[in-house]
Amino acid sequence: MDIFDFSDGREGYYGEYGGVFLPEILHATIEELIECFRECKADPKFWQEYVSLLQNYSGRPTPVTYLENLSRELGGAQIYVKRDDLNHTGSHKVNNVMGQGLLTQRLGKKRVIAETGAGQHGFATATMAAKFGFDCKIYMGAVDVARQRPNVFWMENLGAEVIAVEDGQKTLKDAVNECMRDWVTNMADTHYILGTACGPHPFPEMVSWFQSIIGLEAREQIVAQTGRLPNRVYACVGGGSNAMGLFQGFFDEPNVELIGCEAGGEGVGSYMHSARLAYDDASVGVAQGYKTYFLQNDEGNMSETHSVAAGLDYIGVNPIFAHLHDQGKVRFEAATDAEVKETLKLTMRTEGLIPALESTHGFVVALKEAATMAKDEIVLVNMSGRGDKDIFTIADALDDAKWKSFIGGKADQYRAEKK
Amino acid sequence: MGLEAFIAERKQDKDLLVMAHVVCGYPSFEDNLQELEIMAEAGVDLVELQFPFSEPSADGPLFVRANEQSLKAGTTVDQCFEFMKLASERFPFKVLMMGYYNTVFKMGEDVFVRRLKEAGGVGYILPDLPVEESANLHQLSADAGIEPIILMTPTSSDKRLAQLGAASRGMVYVVARKGVTGSKTNMGDDVVALIDRCRQHTNVPMGVGFGITSKADMDFLRGSADLAIVGTAALKTWEESGAEGLRRFFAELLA
Ligand SMILES: Cc1ncc(COP(=O)(O)O)c(C=O)c1O
C-alpha cells in the first residue's frame, strides 16, 4: 500500500483527512515547499546524503535490543526494542530535523523556526541549526518550558532563541500557532521545521518520509535477529511521527498488527488526557492547517489536554492515522500517567533502560499485551527517546528525597551567589 | 441588497468606505454594542463580527487575547448569531462574519449559511479556508445570496490572483502586507501596485486591511482602494480610552 500515492485522490488527503488549511499569504510558500520536497523525494542522492548524515552525526542505524529479562519475567511474547533513544540529542526527532535541514539548504533559506513540546524537537532543531549555520527560533509553551528545563538549557546554549508562549493553554498547540504567526511574516527567508507528522500538506508526508528510516532499519534488524517478522509493533503517538516511522516498515504485512499508544493522562472519562483515537472524546475538525480528529467541543473550540509527557500533550493526531484508524489498519490504545510511572520503574530496574515519558506509553501497552501472548510470539516497541530530559518530572513522580535535597542545596548555593 | 450593490451605493457620495471589526463577546457584548453605536454614528459602512476561536493563528497578540478572553467568558456561536441579528437590524451598516473555518465546519456549511442569512449577515471572511476547499461553501453561499470574501496577498502570483479573482464575489480583501493582524503597515507604492495587480483579476470592490491606523493611511488609500479595513487600531483605542477615545478615533479617521 502506498498511502502517499495521490493519483486517484486529492493531493495531501488521506481519506477525508489532511489537506492544507492556511492563510492565503502562505500559499506560495507551501507550493515552493511541495515542489522542493517532490524533487528531494525523487532524487536517490538526496536520500543517500540524508542517511549518511545520520550515520555520521547521529549514530544510525540505531540497534534493536532484545529485552531478555523482561520477556522472561512477564512469561509471554519475546520483547524487542528499537533504540531511537541512542540518536544524538536523544530521540527520533533528529531524523526529521536533519532531513528538513538538508531541505532548507535546497530552499536557500537561512532561518529556521520550530515548535516544541517536550523540547526534544526544539533541541534537535537547535543542534541542526548550529551545525548548518542557520538562525533559529524555538517556540515552546510556557508550561512546557517549566517542565522541560534541561532541553531549554541546551537549546539556548546551542545558540537558539527560545520563546515561552503565554497564549492559550501554554503547551504544544499554542507553540504551533506562534510558529504559524512567525511564518506568515518571515516566510521569505524562513523554513518552518514542523516536528511531527501533523499540520498542512506536505508536512505529514514529508515528516513520515524522513522518519521511515526507523521502520526500514527495524524490519531488517528484527528479521536478522529472529528470523521472522514481529506479531505486533507498538509506538507512542503524540502527533504520530515516530509511530509512522516505525510502522512504515510493516504496512504491507497482513500478519503484523500495528498499535499506536496515546496519552491516557488521568484516564477514560477524566477529560484530562490526549487520547484522540483510543478514547471517544475527539471529533473531526480543522485547525492548525489540517483536518483530523481533534479534542474539541461541539462548537469547534479546542479542549484542554493533559499528559505527564509534554510531547504527547496535543489536541490533534496525524491525518494518516485518522484514516488508518477508520479503516481498522492501526489499533489505538492509551496508557495513563500512573501506568507510565510504574512501567518506567520496571524497565529501569529490569533492563537498565530509561525511556522518555513519551516512549514509555508504548512500553505500557506492549508489556501489558506481551504478558498475555504466547512465548513464541514477538513484539517490537519503539523507544523513541531517552528519559534523561525528564529527570525533574520523574524525580517528582518517584518522590525522590535525595534528588530533592540535592536541588534544594543547589538552590541555596545559587541564592548565596546572587547576594 | 447584496454586498457589491451596497458598496456601489455607498460609494456614490464617499470615495473611500470603512470596514471595522469587533471580536464578539470581548470585552463583553455590552461593550460591543456600544462600539457599534459609535461606528454607526461615525458613518462606518461595514463591520466584521469575529466569532472567537481557540486557535486564532492568523491573528496578532491583541486579537489573540480578545479571542481567548471571549471564550473564557463563555461566548457561544448562538450568542454571536443573536448579536449579529441585533446589529444587522439596528444599524445602517452591513455586517459580515469573520472567523476560522472550524467554527463553520463543526456546525455544517449549510447550517452556517442559513444562520448567517437569518442573522442578516451579507458575507463572511474565513482566513484559513483556501479556495481549493471552498467549492461547496461557495455554492451554498451563491444559492443564498451570501458573499464569501476572498483574500488577495502580496505573495500571490499572477496565476494565483487569476484563480482567486475567478472565485471573488462581493468584494476582495487585499492583505496589505505579510504577517498577522495588529502591527503597523507602511503604506507605500507597493500597496498601490498590489491593488492594481489585484484589479487586473476581478471587478469587485477592493478593501485593504492589515495595519491601518490613521487618517494618513486613509488619505493614502483614497483613489486606489474602495474600502479601508480597520481592526486592531480600533480595539486598541477602545481598551486604552473607552467610548470617548473610540468616538474621537473614528471622527479623525473619517474626517
Ligand atoms: C521522545 C519522544 N517520543 C515521542 C514524541 C511524540 O511525537 P511523535 O508522535 O511525533 O513521535 C516526542 C515529542 O516530543 C518525543 O520527544
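User: In this predicted model, which residues does Asn318(A) touch, not counting residues up to four places away in sequence?
Analyst: Asn318(A) is found in the loop between β12 (290-294) and α11 (319-326) of chain A. Leaving out residues up to four places away in sequence, its contacts are Ala197(A), Cys198(A), Gly239(A), Gly240(A), Met244(A) and Thr292(A).

User: Is Asn318(A) buried or exposed?
Analyst: The cut-off for buried is under 20% relative accessible area. Asn318(A) has 0% relative accessibility, so it counts as buried.

User: Which backbone nitrogen does the side chain of Asn318(A) reach?
Analyst: The loop that holds Asn318(A) lies between β12 (290-294) and α11 (319-326) of chain A. At 3.0 Å, the side chain of Asn318(A) reaches the backbone nitrogen of Phe321(A).

User: How many residues does each chain bring to the contact between chain A and chain B, and what area do they bury?
Analyst: Chain A brings 36 residues and chain B brings 37 residues. Of the area buried between the chains, 52% is on carbon and sulfur atoms. The area itself is about 2800 Å².

User: Which residues of chain A lose the most area to chain B?
Analyst: The chains bury about 2800 Å² between them. Three residues together make up 24% of what the chain A side buries. They are Glu24(A), Arg181(A) and Glu299(A).

User: How many salt bridges and polar contacts are there between chain A and chain B?
Analyst: Side chains of opposite charge can pair when their charged atoms come close. Arg10(A) and Glu133(B) meet in a salt bridge, 3.4 Å from N to O. The count between the two chains is 3 salt bridges. For polar contact, the interface has 19 residue pairs.

User: Which element gives the most residues to the side of chain A that touches chain B?
Analyst: Three elements of chain A give two or more residues to that side: α1 (27-42), α8 (172-186) and β11 (283-287). The one that gives the most, with 7 residues, is α8(A).

User: How do the residues on that side of chain A divide by type?
Analyst: The contact takes 36 residues from chain A. They divide into 15 nonpolar, 12 polar and 9 charged.

User: Where does Gly179(B) lie, and what is it in contact with?
Analyst: Gly179(B) lies in the loop between β7 (172-175) and α9 (189-199) of chain B. It is buried, with a relative accessible area of 9%. Beyond its neighbours within four places in sequence, Gly179(B) is in contact with Val184(A), Thr185(A) and Phe210(B).

User: What separates the C-alpha atoms of Gly179(B) and Gly60(B)?
Analyst: Along the chain, Gly179(B) and Gly60(B) are 119 residues apart. Their C-alpha atoms are separated by 8.4 Å.

User: What is the strand order of the open sheet in chain B, and which are the edge strands?
Analyst: The sheet has 9 strands with parallel pairing. Its order is β5-β4-β3-β2-β1-β9-β8-β7-β6. An edge strand pairs on one side only, and here the edges are β5 (147-148) and β6 (150-152).

User: Why is β2(B) described as largely enclosed?
Analyst: In a regular strand the side chains alternate between the two faces of the sheet. Leu46(B), Glu48(B) and Gln50(B) point one way from β2(B), while Val47(B) and Leu49(B) point the other way. The strand is largely enclosed by the rest of the structure because its buried residues number 5 of the 5.

User: Which residue stands opposite Leu49(B)?
Analyst: Strand β1 (residues 17-23) and β2(B) pair in the parallel sense over 5 bridges. Opposite Leu49(B) stands Val22(B).

User: How far apart in sequence are the parts that Glu217(A) and Arg60(A) tie together?
Analyst: Their side chains meet in a salt bridge, 2.8 Å from N to O. Glu217(A) lies in helix α9 (residues 203-226) and Arg60(A) in the loop between α2 (44-58) and β3 (64-66) of chain A, so the parts tied together are 157 residues apart.

User: Which partner of the salt bridge between Lys11(B) and Asp226(B) is buried?
Analyst: The closest N and O atoms of Lys11(B) and Asp226(B) are 2.7 Å apart. The two residues are 215 residues apart along the chain. Lys11(B) is partly exposed, with a relative accessible area of 27%. At 9%, the buried partner is Asp226(B).

Technical notes. Residues are numbered from 1 along each chain as its sequence is written. Chains are lettered from A and ligands numbered from 1 in the order in which they are written. This is a predicted model: local features need pLDDT of at least 70, side-chain atom pairs count only at pLDDT 80 or more; totals for chains, interfaces and linings use all residues. Side-chain values use heavy atoms; hydrogens and water are left out. Contact means heavy atoms within 4.5 Å. Buried area is the accessible area (1.4 Å probe) that two parts lose on being put together, summed over both. A salt bridge is a side-chain nitrogen of Lys or Arg within 4 Å of a carboxyl oxygen of Asp or Glu. A polar contact is a pair of N or O atoms within 3.5 Å; within protein, one must be able to donate a hydrogen and the other to accept it, and residues adjacent in sequence count only if both atoms are side-chain atoms. Helices (H or I, at least four residues) and strands (E, at least two) are DSSP runs, numbered from the N terminus. Ala, Val, Leu, Ile, Met, Phe, Trp, Tyr, Cys and Pro count as nonpolar, Asp, Glu, Lys and Arg as charged, and the others, Gly among them, as polar. Buried means under 20% relative accessible area, exposed over 50%, partly exposed in between (1.4 Å probe, protein chains only). Two strands pair if DSSP finds at least two bridges between them.
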